[in-house]
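User: I would like to learn how to read the salt bridges and the confidence values in a structure. Please take me through them with an example.

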Amino acid sequence: MGITLTYTEQELVSLLRNRDNKAYAYLYDNYASALYSIVLQIVNDGELANDVLQEVFVNIWRRIEQYDMSKGRLFTWMMNIARNASIDTLRSKGYQNSRKNQSIQDNVDTIQVKDVIQPGVDTIGLRKMLEKLKEEQRVLIELAYFKGYTHEEIAEQEKIPLGTVKTRIRNALIQLREYLK
């Protein structure tokens, strides 16, 4: 029987900053599936999500010095890296060109697979938290954090003022933070 290692968040961050490979393996083993769910929710392509996830962990390794415990939990910081990497991938010229060159049959298969799978936000409990929000807030959070829309794009799509979008998202995040306490 092997001994299972566990670290406090502070110990883990300290070990990661000292470039400890065992701590990095622990980080991957314990957080990869949750981060993959976030990435997959945005990019909607399993193979691309794996590529983005790899990029996310490389970024975490390279940028661990930038993590500030006083600003939030390690998972929140990693989740933002995953979200930003996913959005950057969708906005990249290479991705946009690959989508333009995709055949109609490929598009049909992608849509069918996406509709069948219903990936992982539920696995980390976010969906239940979002259900507690008002509909007008939930829609904006989903567009911004799970679909990668900018505030300006959301305002245009939902036909509401930009200031209203920002206020509703901010209020929703405050409510979510309260629910998580």
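User: Which side chains meet in a salt bridge with Arg91 and at what N to O distance?
Analyst: A salt bridge is a side-chain nitrogen of Lys or Arg within 4 Å of a carboxyl oxygen of Asp or Glu. In this predicted model, the side chain of Arg91 meets that of Glu153 at 3.9 Å, N to O. The pair links distant parts of the chain, 62 residues apart, with Arg91 in helix α4 and Glu153 in helix α9 (residues 151-158). Helices here are DSSP runs (H or I, at least four residues), numbered from the N terminus.

User: Are Arg91 and Glu153 buried or exposed?
Analyst: Buried means under 20% relative accessible area, exposed over 50%, and partly exposed in between (1.4 Å probe, protein chains only). Arg91 has 45%, so Arg91 is partly exposed; Glu153, at 36%, is partly exposed too.

User: How many salt bridges are there by this rule?
Analyst: The count comes to four. One of them joins Arg73 and Glu9 at 3.4 Å, N to O. Arg73 lies in the loop between α3 and α4 (74-91) and Glu9 in helix α1 (residues 9-17), so this pair ties together parts 64 residues apart in sequence. Arg73 counts as exposed because its relative accessibility is 56%, whereas Glu9 is partly exposed at 24%.

User: Which residue forms a salt bridge with Glu136?
Analyst: Arg168 does, with the closest N and O atoms 3.8 Å apart. Glu136 lies in helix α8 and Arg168 in helix α10 (residues 162-180), so the pair ties together parts 32 residues apart in sequence. Glu136 is partly exposed at 38%, and so is Arg168 at 25%.

User: Where does Arg138 lie, and what is Arg138 in contact with?
Analyst: Arg138 lies in helix α8 (residues 135-146). Contact means heavy atoms within 4.5 Å. Leaving aside neighbours within four places in sequence, Arg138 is in contact with Leu130, Glu131 and Leu133. Arg138 counts as buried because its relative accessibility is 18%.

User: Which element has the lowest mean pLDDT?
Analyst: pLDDT is the predictor's confidence in each residue, from 0 to 100. Helix α6 (residues 104-117) has the lowest mean, 44, and helix α3 (residues 46-63) the highest, 93. Over residues 106-123 the pLDDT is below 50, and this stretch has 15 contacts in the model beyond near neighbours in sequence. Where pLDDT is low, the predicted coordinates should not be read in detail. The protein chain averages 80, and 78% of the residues score at least 70.

User: What conventions apply?
Analyst: Residues are numbered from 1 along each chain as its sequence is written, and side-chain values use heavy atoms, with hydrogens and water left out. Local features need pLDDT of at least 70 and side-chain atom pairs count only at pLDDT 80 or more, while totals for chains, interfaces and linings use all residues.

Notes
Helices (H or I, at least four residues) and strands (E, at least two) are DSSP runs, numbered from the N terminus.
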